[in-house]
Structure formats: C-alpha cells, structure tokens
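Me: I'm new to this one. Can you walk me through it?

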Amino acid sequence: MCVTDCTRAYVRSYATQSVTGAARTKMGKTWDHISPYARQVIAKQRVFFIATAPLSSSGRVNVSPKGHGPETFNIIDDHRVAFLDLSGSGIETVAHVKENGRITFMFCNFDDGPPCIIRLWGRAVVHERASAEFDRWLAETFPAATTPTAHPGFSVGVRSIIIADIFEVASACGYAVPIMEYKQDRDSLLAWSVNCGSNGLVEYKQKKNIQSLDGLTGLELIADNADSSKGDSSSGSHENRTNGPASGTAAAAKLPHAWGLKPRGPRIDTIAWLAAGMAVGVVVGCWLSKQHCKLPLT
C-alpha cells in the first residue's frame with residue numbers, strides 16, 4: 001500500500017470514529033444561517049476567536065482569543081449573535097467594527113469528539129456602555145451577567161456589546177486541531193476588573209481604549225457607573241483624581257477631553273520642592289565659597 005493510500009485510509013478511519021453519519025456530512029458545508037449542527041458545536045466551546053480588519057490595506061488584521069464562551073457569546077436567533085466585550089488593553093475589535101462592520105467568529109472543537117471548525121461571517125454594530133441600546137441588549141442577551149450569582153467581573157468589566165448579523169456559516173474538518181483537555185476558566189480578567197472598580201476602569205479606558213493601533217476610533221462613550229455592591233474598590237481614591245464626583249448615574253461624554261479626568265504628568269508640588277532644594281544648595285555653596293576666601297593663609 002502506498003503512502004497516499006495509507007493516508008486516505010487513516011483519514012477515513014479517523015473521520016468515522018465517534019462520529020454519527022449526520023455529523024460526517026457537515027464537514028465543508030456552508031449555510032446562510034446558524035444551523036442546528038453549528039449551534040451544537042458552538043455550545044460546547046469554552047474559547048473562541050474573533051477576527052476583524054481595517055479597510056486600509058496597510059492596517060493590522062486582528063485575531064483575538066476569547067474565553068468564558070458560554071457567558072460571553074450568545075446566539076440570539078438563526079441570523080444574529082451577541083458578544084459581551086470585556087475591558088482590556090486592546091480595542092482593535094471594537095475599532096474595526098465601528099469603521100466597517102466586518103467580523104468573523106471561529107469555534108474549534110478541542111475535545112476528543114468529532115474534529116470540526118465553525119466560522120460565522122457577519123456585519124456587526126458596537127453598543128458601548130452608556131449608549132442608548134446597551135442596557136436593553138445586556139438584559140436580553142446576557143441576563144446571567146447581572147444575576148447575584150454571577151461573577152461581578154462581568155457586570156463591572158463589560159465595556160460594550162457587539163451585535164452581529166450573520167450572513168454565512170461554514171464548517172471545516174479541523175483534522176489538524178489538537179485535542180486538549182479543558183481544566184478551568186482563567187478568571188484573571190474578571191478579578192482585575194473588580195479590583196479596578198467601575199471608576200478605575202474609566203481612567204484605564206481613557207488611556208488604552210480611545211484608538212486602535214492604526215489610529216481608528218475606539219471607545220467614544222465612557223460610563224461611570226460606580227456600584228460598591230459590584231466590588232468597586234477604587235471609588236474612594238478615584239474621586240481625588242477627578243474634577244467631578246467618583247460615582248453617579250451613567251455619565252457619558254464624547255471623547256477625549258470631556259471625561260473629567262486630569263491628564264497624568266509631574267506633580268506641581270514635587271517640582272516646587274525640587275526647585276527650592278536646588279536654590280538652597282546654590283545659596284549655601286556661594287556662602288561657603290566666600291568663607292573660604294576669607295580664611296588666613298598659613
């Protein structure tokens with residue numbers, strides 16, 4: 001038997017193990033909607049990927065891995081999905097979607113079941129926190145994020161909800177995707193959001209989320225929804241760093257200067273003390289120099 005025949009035999013045997021006849025027929029298929037088979041694959045995934053790109057041919061194509069799949073991705077219906085966008089250092093996905101709306105979601109089956117890759121192509125809209133539609137979409141698509149039993153990092157850390165209209169869905173074999181065992185979710189991002197608190201995240205977003213790496217518009221609205229019941233540990237100290245109150249209703253303003261945040265820079269009192277110290281040093285030096293000239297020669 002030649003190498004080619006061996007390869008074909010291996011692929012046939014691997015493709016049929018633990019796979020039903022219905023599942024085998026779904027490889028390499030396309031749909032104009034989210035099929036039941038695609039739903040089944042997506043529902044099992046703890047991690048997925050989002051790809052976006054700017055219109056410019058010189059811009060950076062972005063691919064982001066996303067965790068907490070069951071909590072941050074929701075299939076609304078056969079043609080629409082929602083993504084819970086949590087606060088972080090990058091803003092590429094949001095900026096690209098705002099510019100052109102294009103988005104791709106990819107899910108890979110990493111367990112020891114049938115290998116499969118599902119891709120969703122769509123056109124998306126970003127609903128920022130404090131926007132008119134945000135609260136409605138949060139309540140309709142991610143109610144678990146606001147329940148008392150949910151990790152507070154979801155409600156504190158969410159910065160936008162992305163709604164995508166899906167126009168094409170495709171499956172691929174996934175034969176090269178490794179088999180990996182799920183251990184647990186990494187809660188570092190959620191814990192970080194809680195530690196920052198709603199008010200601390202306002203300042204962080206101002207520094208990190210205004211523009212993409214290519215200079216595209218990122219976040220345009222900032223919500224300052226301080227809520228101590230959600231673990232806002234920074235409300236006390238943040239009030240001293242702003243021109244306004246540290247808490248209140250969903251105050252939002254167009255970027256970048258209307259957020260009531262003082263720009264970071266050297267503290268004036270520190271500069272004043274340094275200048276005074278240098279002046280004293282000069283005076284003392286001059287006095288010692290005069291005294292030395294008056295000493296008798298021996």
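**Confidence first**

Reply: Start at the end of the chain. Residues 292–298 stay under 50 in pLDDT, and the model has zero contacts for them beyond four places in sequence. Keep in mind that this is a predicted model.

Me: What about residues 1–25, how many contacts beyond four places in sequence do they have?

Reply: Twelve. Their pLDDT also stays under 50.

Me: And what does the protein chain average?

Reply: The average pLDDT is 77. Of the residues, 66% score at least 70.

Me: OK. How many helices and strands are there in the protein chain?

Reply: Ten helices and eight strands. The protein chain has 298 residues, and 39% of them are buried. Take contacts between residues at least 6 apart in sequence: 76% of these join residues at least 24 apart.

Me: Let's do strands. How many bridges pair β6 with β7?

Reply: Seven, in the antiparallel sense. Strand β6 covers residues 102–108, and strand β7 covers residues 117–128. For a landmark, find Thr104: its bridge partner in β7 is Trp121.

Me: Which sense do β7 and β8 pair in, parallel or antiparallel?

Reply: Antiparallel, over twelve bridges. Strand β8 spans residues 158–172. Look at Ile117 here, whose bridge partner in β8 is Ala172.

Me: Where's a hairpin I can look at?

Reply: Go to β4 and β5, which form one with two residues between them. Strand β4 is residues 73–77 and strand β5 is residues 80–86. They run antiparallel, joined by four bridges. Asn74 stands opposite Ala82 in β5.

Me: Switching to helices. Why is α5 called largely enclosed by the rest of the structure?

Reply: Because seven of its nine residues are buried. The cut-off for buried is under 20% relative accessible area.

Me: Which residues of α5 are the buried ones?

Reply: Glu92, Thr93, Val94, Ala95, His96, Val97 and Asn100.

Me: And what covers them?

Reply: The cover includes β2 (48–52), β3, β5, β6, β7 and β8.

Me: Pick one residue there. What does Thr93 touch?

Reply: Thr93 sits in helix α5, residues 92–100. Leaving out residues up to four places away in sequence, Thr93 touches Ile50, Thr52, Asn62, Ser64 and Ile162. Its relative accessible area is 6%, so Thr93 is buried.

Me: What follows α5?

Reply: Gly101, with a positive phi near 80°.

Me: Which residues other than glycine have a positive phi?

Reply: Two to look at are His68 and Ala130. His68 has a phi of about 55°. For Ala130, phi is near 80°. As background, most residues other than glycine have a negative phi.

Me: Where are those two?

Reply: His68 is in the loop between β3 and α4 (69–72). Ala130 is in the loop between β7 and α6 (134–141).

Me: Is His68 buried or exposed?

Reply: Buried, because its relative accessibility is 10% and the cut-off is under 20%. Ala130 is partly exposed, at a relative accessible area of 27%.

Me: New topic: pockets. How much space lies in the largest pocket?

Reply: About 980 Å³.

Me: Which residues lie nearest its centre?

Reply: Arg46, Val47, Lys66, Gly67 and His68. So His68 comes up again, the residue with the positive phi. The lining has 39 residues.

Me: What classes are they?

Reply: The lining has 13 nonpolar, 14 polar and twelve charged residues.

Me: Which helices and strands supply at least two residues of that lining?

Reply: β3 (62–66), β5, α5 and α8 (188–208) each do. You met α5 above as the helix with seven of nine residues buried.

Me: Last one. Where is Tyr37, and is it buried or exposed?

Reply: Tyr37 lies in helix α3, residues 36–43. At 11% relative accessibility, Tyr37 counts as buried.

Me: How far apart are Tyr37 and Ile118?

Reply: In sequence, 81 residues. In space, 9.6 Å from C-alpha to C-alpha.

Terms used
Residues are numbered from 1 along each chain as its sequence is written. This is a predicted model: local features need pLDDT of at least 70, side-chain atom pairs count only at pLDDT 80 or more; totals for chains, interfaces and linings use all residues. Side-chain values use heavy atoms; hydrogens and water are left out. Two strands pair if DSSP finds at least two bridges between them. pLDDT is the predictor's confidence in each residue, from 0 to 100. Contact means heavy atoms within 4.5 Å. Buried means under 20% relative accessible area, exposed over 50%, partly exposed in between (1.4 Å probe, protein chains only). On a 1 Å grid over the protein atoms alone, a cavity is a set of points where a 1.4 Å probe fits but cannot get out, and a pocket is an open set with protein on both sides within 12 Å along at least five of seven lines; lining residues have an atom within 4 Å of a point. Grid points are joined across faces, edges and corners, and a volume is the space filled by probe spheres set on the points. Ala, Val, Leu, Ile, Met, Phe, Trp, Tyr, Cys and Pro count as nonpolar, Asp, Glu, Lys and Arg as charged, and the others, Gly among them, as polar.
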